[in-house]
Amino acid sequence: MLVMHVVYRFDVGGLENGVVNLINRMPSDRFRHVVVALTQCAPAFCRRIVQPDVEFISLDKPPGHGVKVYPQLYRLFRDRRPAIVHTRNLAALEAVVPARAAGVPVRIHGEHGWDVADPGGTRRKLQFVRRLYRPFVSRYVALSRHLALYLADAVRVPAARIERICNGVDPARFRPPDGRRPLIAGSPFGGDDEVLVGTVGRLDAVKDQLNLVRAVAHLISQRAPGTDRLRLIIAGDGASRSGIEAEVRAAGIGHTVWLAGERADVPDVMRGLDVFALPSLAEGISNTILEAMASGLPVTATDVGGNPELVEHGVTGTLVPPSDYVALADALAPYVADGMLRRRHGDAGRGRVDAEFSLDVMVDRYAALYRTSLEAALPLRRVA
């Protein structure tokens, strides 16, 4: 069964990590895969896929509506004849039109979350756009309960066409350290007397790392217990980097902050932290929260999107309002001061991942969705 995964750009990001995990884990004797980026497939990121014979196609779409690449997509779908085209998020949704025109029997669309232009999914124009494409989509995948309700209420998708599949994490790859916290390669921090708060993700306005910098600066200015030992690590790269650097300089906390850049060793980064923070303005089901929980870290995250489905407030971490650096600082303060609290909430998070967010369960659910969707589209064909 050939599955063509269509994304806007195939590069570092939570959505894209989910595609990598899915392709690497799906049985190669039952599924073949092609990744199509409307813009670019980044070669370094493509190497994260270890399954053999996966093809990567960059369409180099110029800015603007995707109708400009409709002819390319149509020819691509006609030539390869995939059983399934799986688009993800609004930026790739328009690909379902040439997919249907080319006779692709199943068009699946995944909603993973929103961007900074519509962090709550409230813009009526974008809801209307999604409704326009609705007849071209066979099934929808919502990564969170919040997104499933959005599809049903705002986009008016019948419940029978919505499948809720949460992300999964590999607990063997992301695991707590054996013994003492290891040093992160290249880090200026890591002493036993330091408390390392960190975040991992692309540096983008919707991820709002600026608010985390402001929260740490506020904590230090308040001289809360333990803040003389507080250090902040921000792993990732992107358009917001210069703004974050400027905020660090303006706050005068350059000696306590390390911008680690893009990392290929995220499991090691997680194991080298004491607390994980996610200050996003919008999220679906966050891979990085799951990875942090699997690594035995307490999580402080904004109360947006699917985050409340992952972080159990007061048990595995703390939830705070978005864009509120004082609330974020207040949530981080107890973890900075209390090592036992960090350990208790971190252990609870790891247990929750083991029980509820297995990567194998996620892959099995996608495989079943692909099979049943194709059987429904081709009722006389039995799909293996």
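Is Asp274 buried or exposed? Asp274 is buried, with a relative accessible area of 14%; buried means under 20%, exposed over 50% and partly exposed in between, using a 1.4 Å probe and protein chains only. Before going further, keep in mind that this is a predicted model, where local features need pLDDT of at least 70, side-chain atom pairs count only at pLDDT 80 or more, and totals for chains, interfaces and linings use all residues. Residues are numbered from 1 along each chain as its sequence is written, and side-chain values use heavy atoms, with hydrogens and water left out.

**Around Asp274**

Asp274 sits in the loop between α10 and β11 (275-278). Helices (H or I, at least four residues) and strands (E, at least two) are DSSP runs, numbered from the N terminus. The Asp274 side chain makes a polar contact with the side chain of Arg181, at 2.5 Å, and reaches the backbone nitrogen of Leu196 at 2.8 Å. A polar contact here is a pair of N or O atoms within 3.5 Å; within protein, one must be able to donate a hydrogen and the other to accept it, and residues adjacent in sequence count only if both atoms are side-chain atoms. If you set aside neighbours within four places in sequence, Asp274 is in contact (heavy atoms within 4.5 Å) with Arg181, Glu194, Val195, Leu196, Leu297, Pro298 and Arg342.

**Pockets and cavities**

Asp274 also turns up in the second largest pocket: 23 residues line that pocket, and Pro177, Arg181, Leu273, Asp274 and Arg343 lie nearest its centre. Two elements, α10 (266-271) and α14 (339-356), give two or more residues each to this lining. The largest share, five residues, comes from α14.

Now for the closed spaces. Rolling a probe the size of a water molecule over the atoms shows where empty space is left. On a 1 Å grid over the protein atoms alone, a cavity is a set of points where a 1.4 Å probe fits but cannot get out, while a pocket is an open set with protein on both sides within 12 Å along at least five of seven lines; lining residues have an atom within 4 Å of a point. Grid points are joined across faces, edges and corners, and a volume is the space filled by probe spheres set on the points. A search of the whole structure turns up two cavities of 30 Å³ or more.

Here are the volumes and the make-up of the linings. Ala, Val, Leu, Ile, Met, Phe, Trp, Tyr, Cys and Pro count as nonpolar, Asp, Glu, Lys and Arg as charged, and the others, Gly among them, as polar.

| Space | Volume | Lining residues by class |
|---|---|---|
| Largest cavity | about 70 Å³ | six nonpolar, five polar, one charged |
| Second largest cavity | about 40 Å³ | three nonpolar, four polar, two charged |
| Second largest pocket | about 510 Å³ | seven nonpolar, five polar, eleven charged |

The largest cavity is lined by residues including Gly14, Leu15, Arg88, His112, Asn287 and Tyr366. Both α1 (14-25) and α15 (359-377) supply at least two residues of that lining, and α1 gives the most, with five residues. Around the second largest cavity you'll find Thr199, Val200, Gly201, Arg202, Lys207, Gln209, Leu278, Pro279 and Ser280.

**Helices α11 and α15**

Asn287 from the largest cavity's lining is also one of the buried residues of α11. Helix α11 (residues 287-294) is mostly covered, with eight of its eight residues buried. Just after α11, Gly296 takes a positive phi of about 80°.

Over in helix α15 there is Leu374, which is buried at a relative accessible area of 0%. The C-alpha atoms of Leu374 and Met1 are separated by 9.5 Å, with these positions 373 residues apart along the chain count.

**Val155 and the cysteines**

Val155 lies in the loop between α7 (145-153) and β7 (162-164), and counts as buried at 0% relative accessibility. Not counting residues up to four places away in sequence, Val155 touches Arg130, Arg131, Arg134 and Tyr150. The C-alpha atoms of Val155 and Arg130 are 6.2 Å from each other, although the two are 25 residues apart along the chain.

How many disulfides does a search of the whole structure find? Zero, where a disulfide is a pair of cysteine sulfur atoms within 2.5 Å. For Cys41, the closest cysteine sulfur is in Cys46 at 4.7 Å, so it is too far for a bond. Cys41 is buried, with a relative accessible area of 7%, and Cys46 counts as buried too, at 10% relative accessibility.
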